[in-house]
Amino acid sequence: MNNAVDPREELPEHLPALRAFAMSLSGNSATADDIVQDTIVKAWSNFDKFEPGTNLRAWLFTILRNTFYSHTRKRKREVADPDGIHAGQLSAKPGHDGRLAFNDFRVAFAELSAEHREVLILVGASGFSYEDVADMTGVAVGTVKSRANRARARLCELLGLDEGEDPVAETDGETLAVLAASGGSTV
Amino acid sequence: MNQGKDNAKLRSQIDQNLKRVYQEALEEEVPDRFKELLEQLRQKESRK
């Protein structure tokens with residue numbers, strides 16, 4: 001090790017993000033915890049391959065997603081059993097007030113393929129750039145963009161929204177505020 | 001009509017909801033098993 005901060009010491013602060021990413025991928029907290037556990041062990045024994053000064057979180061997320069996909073191949077049935085969310089529960093159409101309810105959103109999100117959940121969480125929620133995500137997932141930047149677009153389109157489809165059909169167009173600013181609030185912004 | 005703007009609005013709503021999905025998982029308490037695991041790994045390391 002040179003005199004850069006030892007990534008082993010930084011690992012604990014990445015645990016919540018690793019767990020959140022694992023939850024997003026698996027939809028199942030028991031599976032998520034197993035994946036995080038394996039990720040920690042793998043990362044620990046490979047820290048000599050980590051390049052100090054590069055993005056540790058991206059490095060850890062890469063290990064985590066590889067772990068997830070090998071778990072999925074091994075244990076298909078368990079992964080396909082998300083916590084408390086069941087297929088077919090979704091009454092997709094937003095009300096005629098156009099409200100995009102968070103609960104419907106969660107159910108629709110859980111229905112997406114792991115690949116689509118992954119790209120949306122990485123690009124849309126965890127603050128990585130398209131370039132980071134391309135590196136992490138081992139595909140071209142253009143592929144990340146088109147995958148993210150397809151994932152959004154599929155999500156809209158599950159929610160009964162057409163892209164191009166604005167769920168708030170027919171309503172007023174009040175609904176928009178509700179939507180913003182349901183999206184977790186600090187209003 | 002103003003479809004580009006509408007799509008941008010929809011997209012930002014989707015992103016807000018995605019952030020909320022992620023944020024809720026992020027706020028869950030990290031199980032003790034991970035702190036214990038890290039402790040074990042550290043001890044193993046120091047015995048080397």
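Which residues of α7(A) are buried? Keep that one in mind while we get our bearings, and remember as we go that this is a predicted model.

Let's start with chain A. Its 187 residues include 33% that count as buried. Look for strands and you'll find zero, while the helices number nine. Reading from the N terminus, then, the elements simply go α-α-α-α-α-α-α-α-α. How do distant parts of the chain come together? Take the contacts in chain A with a separation of 6 or more: 67% of them are between residues 24 or more positions apart.

Chain A comes in two pieces, with domain 1 covering 11-83 and domain 2 covering 85-187. Where they touch, domain 1 of chain A puts in 13 residues and domain 2 of chain A puts in 11. On the domain 1 side, the elements giving two or more residues are α1 (7-26) and α3 (56-74) of chain A. Of these, α3(A) gives the most, with five residues. If you sort the residues on that side of domain 1 by type, you get six nonpolar, five polar and two charged.

There is also a label from a database to place on chain A. An unreviewed UniProt entry puts the feature "domain: RNA polymerase sigma factor 70 region 4 type" at residues 105-155 of chain A. That span is 82% helix and 0% strand, and its end C-alpha atoms lie 8 Å apart.

Now for chain B. Chain B has 48 residues, and buried ones make up 21% of them. It has two helices and zero strands. Along its principal axes, the C-alpha trace of chain B spans about 70 × 20 × 5 Å. UniProt has a label here too, again from an unreviewed entry: "domain: Anti-sigma factor NepR", at residues 11-45 of chain B. The span is 86% helix and 0% strand, and this time the end C-alpha atoms lie 47 Å apart.

The last residue of that labelled span makes a handy stop. B:E45 sits in helix α2 (residues 32-47) of chain B. Is B:E45 buried or exposed? B:E45 counts as exposed, because it has 11 C-beta neighbours inside 10 Å, and the cut-off for exposed is 12 or fewer. For a sense of distance, B:E45 and B:L26 are 19 residues apart along the chain, and their C-alpha atoms are separated by 29 Å.

Next, let's go inside. The largest nonpolar core has 45 residues, and the ones that touch the most other members are A:F21, A:A22 and A:L64. Which elements supply at least two residues each? From chain A they are α1, α2 (29-45), α3, α5 (102-111), α6 (114-125), α7 (130-137) and α8 (141-158), and α1 (3-26) of chain B joins them. The largest share, seven residues, comes from α1(A). Both domains of chain A take part, since the core draws at least three residues from each of domain 1 (11-83) and domain 2 (85-187). To see one core member up close, pick A:L64: beyond residues up to four places away in sequence, it touches A:L18, A:F21, A:A22, A:I35 and A:T39.

That brings us back to the opening question. The buried residues of α7(A) are A:D132, A:V133 and A:M136. They all lie on the same side of α7(A), because they cover an arc of only 95° around the axis. A bit of helix geometry helps here: an α-helix has 3.6 residues a turn, so residues three or four places apart point the same way. And what covers the buried residues of α7(A)? The cover includes α3, α6 and α8 of chain A.

Finally, step off the end of that helix. Just after α7(A), A:G138 takes a positive phi of about 70°. A:V139 is found in the loop between α7 and α8 of chain A. With 14 C-beta neighbours inside 10 Å, A:V139 counts as partly exposed. Setting aside neighbours within four places in sequence, A:V139 is in contact with A:A134 and A:V144. Compare its position with that of A:N66: the two are 73 residues apart in sequence, yet 14 Å apart in space, C-alpha to C-alpha.

Terms used. Residues numbered from 1 in each chain as written. Chains lettered and ligands numbered in written order. Predicted model: local features only at pLDDT ≥ 70, side-chain atom pairs only at ≥ 80, totals over all residues. Domains from an automatic or database assignment. Contact = placed C-beta atoms within 7 Å. Helix = DSSP H or I, 4+ residues; strand = E, 2+ residues; numbered from the N terminus. Nonpolar A, V, L, I, M, F, W, Y, C, P; charged D, E, K, R; others polar. UniProt positions renumbered as here; feature names shortened; annotations may be inferred. Core = buried A, V, L, I, M, F, W, Y, C linked by C-beta atoms within 7 Å. Buried ≥ 20, exposed ≤ 12 C-beta atoms within 10 Å, placed from the backbone. Arc of directions from axis to C-beta.
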